[in-house]
Amino acid sequence: TDSTTPAPERTLVLVKPDGVRRGLSGEILRRIEAKGYTLTAVELKNATPEVLAAHYAEHEGKPFYAPLVEFMLSGPVLAVVAEGQGVIAGFRSLAGATDPTAALPGTIRGDLGRDWGLKVQQNLVHGSDSVESAEREIGLWFPAL
Ligand code: RTP
Ligand code: MG
């Protein structure tokens, strides 16, 4: 690659345990692909306390941290690396607002909702929020990438 062709942008997406449990993995992957992003890696995994501690380090000490980690350990997650121009912001736009009750129709969280009665944490997906976070998180979930 020369200076006019920047490295392709990558993001780490997780379909959280609620999304896997509700059978929404395929629908979420479909939306990523339909937008034109490339799926570089897709793997059903069981999170570990170690990976989650690193993944959510920025939230340690917040009131929702312990329940969030417990929720993320409640079942398998689908870990995804997606690639494409602007994919980091683009996937967060596809995902919608953090709270599914506030997320707009047309977004993953807005259209597919959550496990009603449960918490904001049951919001179906995670998406990296910056290039630095994306590379750090891809290294955690896919050490070989
Ligand atoms: P994510 O990291 O999962 O893509 O979501 P996000 O950037 O929109 O949200 P963030 O602020 O990074 O929070 C990470 C996850 O923590 C849970 N959360 N619960 N008030 C609450 O109960 C609360 N706030 C955040 C959500 O699962 C959120 O996705
Ligand atoms: Mg976040």
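The legends below describe close-up views of a predicted model of a protein chain with a ligand.

**Figure 1. Confidence of the predicted model.** The protein chain has a mean pLDDT of 94. Of its residues, 93% reach 70 or more. The model scores ipTM 0.91 and pTM 0.93. Where pLDDT is low, the predicted coordinates should not be read in detail.

**Figure 2. His126, the annotated active site.** An unreviewed UniProt entry places the feature "active site" at His126. This histidine sits in strand β4, residues 125-127. Is His126 buried or exposed? His126 is buried, because 23 other C-beta atoms lie within 10 Å and the cut-off for burial is 20 or more. Leaving out residues up to four places away in sequence, His126 touches Val13, Leu14 and Lys16. Val13 and Leu14 belong to strand β1, residues 10-15. Lys16 falls in the loop between β1 and α1.

**Figure 3. The shell around ligand 1.** Which residues surround ligand 1? They are Phe64, Leu68, Thr98, Lys119, Val120, Gln121, Asn123, His126, Gly127 and Asp129. By class, the shell divides into three nonpolar, five polar and two charged residues. The annotated active-site residue, His126, is a member of this shell. Phe64, Thr98 and Asn123 also appear in the shell, and the unreviewed UniProt entry includes these three under "binding site".

**Figure 4. Lys16 and Arg92, two annotated binding-site positions.** The unreviewed UniProt entry lists "binding site" at Lys16, Phe64, Arg92, Thr98, Arg109 and Asn123. Lys16 is in the loop between β1 and α1, the latter spanning 17-21. Lys16 is buried, with 25 other C-beta atoms within 10 Å. Beyond four places in sequence, Lys16 contacts Met72, Val77, Leu124, Val125 and His126. Arg92 lies in helix α5. Arg92 has 19 C-beta neighbours inside 10 Å, so it counts as partly exposed; burial starts at 20. Setting aside its neighbours within four places in sequence, Arg92 is in contact with Gly127 and Asp129. Gly127 and Asp129 are both among the residues around ligand 1.

**Figure 5. The largest nonpolar core.** In soluble globular proteins, nonpolar side chains tend to be buried together. Here the largest nonpolar core holds 28 residues. Val13, Leu14, Val15, Ala82, Phe91 and Val125 touch the most other members. At least two residues of this core come from each of β1 (10-15), α2 (25-35), α4 (65-72), β3 (77-83), α5 (87-95), α6 (108-112) and α7 (131-141). Which element gives the most to this core? Strand β3 does, with six residues. Val125 is in contact with Val13, Leu14, Val15, Lys16, Gly19, Ile28, Ala95 and Ile108, not counting neighbours within four places in sequence.

**Figure 6. Leu124, a positive phi outside glycine.** Leu124 is not a glycine, yet its phi is positive, about 75°. The residue is found in the loop between α6 and β4. Leu124 is buried, with 28 other C-beta atoms within 10 Å. One of the contacts of Lys16 is Leu124.

**Figure 7. Ala53 in helix α3.** Helix α3 covers residues 49-55 and includes Ala53. Ala53 has 13 C-beta neighbours inside 10 Å and therefore counts as partly exposed. Ala53 and Tyr65 are 12 residues apart in sequence. In space, their C-alpha atoms are 9.6 Å apart.

Notes. Residues are numbered from 1 along each chain as its sequence is written. Chains are lettered from A and ligands numbered from 1 in the order in which they are written. This is a predicted model: local features need pLDDT of at least 70, side-chain atom pairs count only at pLDDT 80 or more; totals for chains, interfaces and linings use all residues. pLDDT is the predictor's confidence in each residue, from 0 to 100. UniProt positions are given in the numbering used here, feature names are shortened, and annotations may be inferred rather than shown by experiment. Helices (H or I, at least four residues) and strands (E, at least two) are DSSP runs, numbered from the N terminus. A residue is buried if 20 or more other C-beta atoms lie within 10 Å of its own, exposed if 12 or fewer, and partly exposed in between; C-beta atoms are placed from the backbone. Two residues are in contact if their C-beta atoms, placed from the backbone, lie within 7 Å. A nonpolar core is a set of buried Ala, Val, Leu, Ile, Met, Phe, Trp, Tyr and Cys residues joined through C-beta atoms within 7 Å. A residue is near a molecule or strand if its C-beta atom, placed from the backbone, lies within 6 Å of it. Ala, Val, Leu, Ile, Met, Phe, Trp, Tyr, Cys and Pro count as nonpolar, Asp, Glu, Lys and Arg as charged, and the others, Gly among them, as polar.
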